[in-house]
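User: I am new to this structure and would like to learn how to read its features one at a time. Could you take me through them slowly?

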Amino acid sequence: MKKLFTPDMYLDSVFDITPVMLKNKGIYGLILDIDNTLVATYIKKADERAADFIKSLKENGLKAVIVSNGKKKRVELFCKPLGIEYIYKAHKPLGGALKKAIEMMGLPYDKVAILGDQLFTDVLGGNLLGIHSILVKPMDPDEPLFIKIKRIFEKPFLKKIEYDVKKNRIK
Ligand SMILES: [Mg+2]
């Protein structure tokens, strides 16, 4: 079994990812987080970078669904102008919403990756389901208190992940 707190990929930013990179790894669908992954938590609408990223996925034949633990209003306001499908109040790392998103994409589990900034939410959720997991560094340190607390517990795992990246065990 996969290690639950180890992502398959660890990158500085979502914008380091290209459709070609994903396809080369056999990934044809992305489950995307919003907060601190695509935009900082306090940014309401997608900026040009985030919008272009989602556009480039679509243009290259990749499927994408936003799966956020955020509230309806936040998630809808962000997703609707982008024309991307979404699930709000997803309760990641629980698998219900993630399974639904994979169903919406119509892809087998091994062709799907989850991408987000939180180890105990995004990466754990993906690993529990056995899909690919991609961890990115949070965009902005300005986060709600409960997330700041989670970050403290992420630290020892991140150290190990960074070590694995150095040793080339994680790309
Ligand atoms: Mg997030």
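User: Where is Pro 93 found?

Analyst: Bear in mind throughout that this is a predicted model. Pro 93 is found in the loop between β4 (85-87) and α4 (96-105), and the peptide bond leading to Pro 93 from Lys 92 is cis, with omega near 15°.

User: What should I look for in the backbone of such a loop?

Analyst: The general idea is that most residues other than glycine have a negative phi, and that most peptide bonds are trans. In the loop between β4 and α4 lies Lys 89, which has a positive phi of about 40° although it is not a glycine. His 91 lies in that loop as well, and its phi is near 60°, again a positive value in a residue other than glycine.

User: Is His 91 buried or exposed?

Analyst: A residue counts as exposed when its relative accessible area is over 50%, so His 91, at 54%, is exposed. At the other end of the scale, where buried means under 20%, stands Val 14, which is buried with a relative accessible area of 0%. Val 14 is found in the loop between β1 (9-11) and α1 (19-24), and although Val 14 and Thr 37 are 23 residues apart in sequence, their C-alpha atoms are 6.6 Å apart in space.

User: Which residues are the protein donors of the magnesium ion?

Analyst: The donors are Asp 33 and Asp 117, each through OD, and Asp 35 through O, at 2.1 to 2.2 Å from the ion. Their spacing in sequence is D-x1-D-x81-D. Asp 33 has a relative accessible area of 6%, and it is therefore buried.

User: Which residues lie nearest the centre of the largest pocket?

Analyst: Of the 20 residues that line this pocket, Asp 35, Asn 69, Gly 70, Phe 146 and Ile 147 lie nearest its centre. The elements giving two or more residues to the lining are α5 (119-129) and α6 (145-166), with α6 giving the most, four residues. The space in the pocket is about 360 Å³, and its lining has ten charged, seven polar and three nonpolar residues.

User: How can I compare the span of α6 with its number of residues?

Analyst: At 1.5 Å a residue, the 22 residues of α6 should span 32 Å, and because its end C-alpha atoms are 31 Å apart, the two values agree. There is nevertheless a kink of about 45° at Glu 154, shortly before the proline Pro 156. Glu 154 is also one of the buried residues of α6, which include Ile 147 and Arg 151.

Technical notes
Residues numbered from 1 in each chain as written. Predicted model: local features only at pLDDT ≥ 70, side-chain atom pairs only at ≥ 80, totals over all residues. Heavy atoms only, no water. 1 Å grid on protein atoms, 1.4 Å probe; cavity = no way out; pocket = protein on both sides within 12 Å on 5 of 7 lines; lining within 4 Å. Points joined across faces, edges and corners; volume = space filled by probe spheres on them. Nonpolar A, V, L, I, M, F, W, Y, C, P; charged D, E, K, R; others polar. Donors = N, O, S within 2.8 Å, 3.2 Å for Na, K, Ca; no water. Buried < 20%, exposed > 50% of the residue type's maximum accessible area, 1.4 Å probe, protein only. Expected span 1.5 Å × (residues − 1). Bend = angle between axes of the 7 residues up to and from the residue.
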